[in-house]
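Please look through the structure shown below before reading on. The paragraphs after it are meant to be read with the structure in view.

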Amino acid sequence: MKKDEEIKKGILLISTLADALAEIECKTQEEIQLDLKKERVDLNSSMLSLNKFLRLNSIGDEKKHERLAKNTGKALKMGRKSIAEKIAGWSKDKIISRINELSPEPDAVYSASCRKLEDKNIKDLASFLEDLEISLQKRKAEKK
Amino acid sequence: MSFNTSIIKDLEDVDWNYVYPRLLRYATYKCRKFAWLGTVTFDPESIAQEAVALIYGCGKNGNYRNWDRSKCPDIIKFLKGVVDSLVSHEYEKMKTFKIESLDCKKHTDVDISHDPDFSVMNFMDFLSAADPAKELEMKENISQMVKSIRNAAGENKYAKLVVSCLEQGIGKPREIADEIGIDVTEVYQILRRLREKISK
């Protein structure tokens, strides 16, 4: 029993130390990087994954689409509509196949936005494909 | 309530180079709560990235979190809450965790908690439900870690006081600083020293 009490106290100490370390406010990026390095967590590679995720997902900003459309003379917003119309009659397999065709090689971030495609419903898949197509159009427009 | 897509516009303003490292750091230490389990680890990067995926409306299994900027303008605070919830969920999932996953010989499902918080009692349930050999190993891990933390404090008066606060469950550095009457930056230094020494 006495041993159990000690274990209880031990767990509380370990757990609270973890909480306290998490709550340290870091002022600089270097400070954070150093802490993460000590914990064997690679911030740079994690940031790269995050940026890929953000590129795939920061496409909901209609203003950006409008601005790009203006600059390039292409109505990207209209592009979304025509893509939606094109996808409307597609089967689930066809949508998944097109997503795989357009997507970059699987990585940590890609898997966050595109996990288990087969388990998703057709509406979500169509919406994801729409976003992907628009994102590619946008990138092409940006390059021009 | 479905995912509010207008949040995406608010997210465009977020400086992820500032926010994400802080989030990843937070997730890293929150996952360290379970270091004593030995073979089971929570991946902080997956947890941090899942938190971001959730506020973008594309979390695992179609899950999402609506960030209400007017109610919680500090996105880091909001994301930390999401991380807490994810870590808690991971722990909850261990309710039906197979003993074999803990590197034991038995193949039974073990109920290790009755609610998703990390109360000491839940951990105790977990320990007592494990295979005796594994239970012994985990208890040994705990004893070793506690010993290391106490040794790390050594004879330093303030470090000992910090450990004493932690033992009482005081886990906010500012509260620890108030409790023992030192500056919070000193508490930060002591906490980091403790962490460094126990990892050696």
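What follows goes from one chain to the contact between two chains, then to the nonpolar cores and a pair of helices.

This is a predicted model, in which local features need pLDDT of at least 70 and side-chain atom pairs count only at pLDDT 80 or more, while totals for chains, interfaces and linings use all residues. Residues are numbered from 1 along each chain as its sequence is written, and chains are lettered from A and ligands numbered from 1 in the order in which they are written.

Chain A holds 8 helices and 0 strands, where helices (H or I, at least four residues) and strands (E, at least two) are DSSP runs numbered from the N terminus. Of its 144 residues, 28% count as buried, a term for residues with 20 or more other C-beta atoms, placed from the backbone, within 10 Å of their own. Among the contacts in chain A with a separation of 6 or more, 72% join residues 24 or more positions apart; two residues are in contact if their C-beta atoms, placed from the backbone, lie within 7 Å.

Where the two chains meet, chain B contributes 51 residues and chain A 43 residues. On the side of chain B that touches chain A, α2(B) provides the largest share, 10 residues. The residues of that side divide into 29 nonpolar, 7 polar and 15 charged, with Ala, Val, Leu, Ile, Met, Phe, Trp, Tyr, Cys and Pro counted as nonpolar, Asp, Glu, Lys and Arg as charged, and the others, Gly among them, as polar.

The largest nonpolar core (a set of buried Ala, Val, Leu, Ile, Met, Phe, Trp, Tyr and Cys residues joined through C-beta atoms within 7 Å) has 64 residues, and those touching the most other members include A:Leu17, B:Leu23 and B:Leu191. Helix α1 (residues 2-22) of chain A gives the most to this core, with 10 residues. Because domain 1 (7-153) and domain 2 (154-200) of chain B both give residues to this core, it lies between them; the domain bounds come from an automatic or database domain assignment. Leaving aside residues up to four places away in sequence, B:Leu191 touches A:Ala20, A:Leu21, A:Ile24, B:Val162 and B:Pro173. A second, separate core of 5 residues includes A:Leu125 and A:Phe128.

Within chain B, the axes of α6(B) and α7(B) come within 8 Å and cross at roughly 150 degrees, the axes being lines fitted to C-alpha atoms, for helices over the stretch in contact, with angles from 0 to 180 degrees between N-to-C directions. That makes α6(B) roughly antiparallel to α7(B), a description used for angles over 145 degrees. B:Ile149, B:Arg150 and B:Ala153 of α6(B) make the contact with B:Ala159, B:Lys160 and B:Val163 of α7(B).

Terms used: Buried ≥ 20, exposed ≤ 12 C-beta atoms within 10 Å, placed from the backbone. Parallel < 35°, antiparallel > 145°, perpendicular 65-115°, else oblique.
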